[in-house]
Amino acid sequence: MEITPISPAGGAIITGIDLSRTLPADTAVGLKNAFLEYGVLAIRGQDIKDQDQFRFCEVMGGLATRGKPLDQREADGDAAYDGAVHLVTNLTEDGIPLGSFGDGEVWFHHDGSFKEIPYAATVLYGMAVTSVGGETVFANMYMAYDRLSDDLKSRINDLMGLNIYDYAARGRVDLDQDISDINHWVHPLVIRHPDTGRKALYVSPLITARVEGLPQDESDALLEDLFAYQNDDEIIFEHKWEVGDLVMMDNRSITHARKDFPAGEPRMLRRTMVEGVAIGA
Ligand SMILES: [Fe+2]
């Protein structure tokens, strides 16, 4: 296995491994360590099926499904993996979308930050990619936190944020409506990564809608300040997709966004998630 860093802000290209086979134990340990160190792993040149991607997620911490716990799934066979795969695609069949997040730009976010127990990681496998655009951009949120002024750090250290996402709206949610049926959860603005122990800024323009306990105008102004730290070239890096890339990103220390791409060009990524643990300040 070869590890090549992508940028000073993080990310690493991994070559020399084959995810269509069971990974040797020492390779798995090496991958887990690299994941925590670099935040994003881009494993090139893979030819893998759903089951291979499930096995990879299990090795990296546990495959998240919408259904049953791990021990019941094995006993029940393939059907037990229902809900584990989500297609990120603009493709349609008979006019019906095959997946979601079809076309266009997507703002920075952590996948699943609106859940009580957010996913530890997102795993995407490139099945169809566009000729230009569609890059996934990553922001290192350890670095975002480190770059805050001491005043700002102490101001936000004990504050909580409302994280909410409406799949139907695909943008910031209007908080004047009844939100009880929209996915949301309150998490600290600053979290301590459960594996590395490092502090990371835990806000994003797509999903963090309000700072709890502040008047709306103060909340909006504070969030705008914090979002600006994410748009800093020094903490950002990106991945240009090729078919056969498997990219794994840490949803505690990294936010991601998508650049626009030509409408009409097919794009399909197979997404699976790694289960997380509770996060806190
Ligand atoms: Fe995402």
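Is D94 buried or exposed? I looked this up first and found that D94 is exposed, with a relative accessible area of 76%, where exposed stands for over 50%, buried for under 20% and partly exposed for what lies in between, with a 1.4 Å probe and protein chains only.

Before going on I noted that this is a predicted model, in which local features need pLDDT of at least 70 and side-chain atom pairs count only at pLDDT 80 or more, while totals for chains, interfaces and linings use all residues. I also noted that residues are numbered from 1 along each chain as its sequence is written, and that side-chain values use heavy atoms, with hydrogens and water left out.

**Backbone entries**

I placed D94 in the loop between β6 (92–93) and β7 (96–97), with strands taken as DSSP runs of E of at least two residues and helices as runs of H or I of at least four, both numbered from the N terminus. The phi of D94 is near 55°, which is a positive value in a residue other than glycine. I then turned to F101, which is not a glycine either and has a positive phi of about 55°; F101 sits in the loop between β7 and β8 (106–109) and, at 16% relative accessibility, counts as buried.

**Iron site**

I looked up the protein donors of the iron ion and found H109 through NE2, D111 through OD and H256 through NE2, at 2.1 to 2.2 Å from the ion. Donors here are N, O and S atoms within 2.8 Å of the metal (3.2 Å for Na, K and Ca), and because water is not among the atoms, sites may look incomplete. Along the sequence the spacing of these donor residues reads H-x1-D-x144-H. H109 is buried at a relative accessible area of 9%, and D111 is buried as well, at 8%.

I also checked H110, which lies in the loop between β8 and β9 (121–128) and is buried, with a relative accessible area of 1%. From the C-alpha atom of H110 to that of F54, 56 residues away along the chain, I read a separation of 21 Å.

**Helix α6**

Where is E224 placed? I found E224 in helix α6, which covers residues 216–228, and E224 is partly exposed, with a relative accessible area of 47%.
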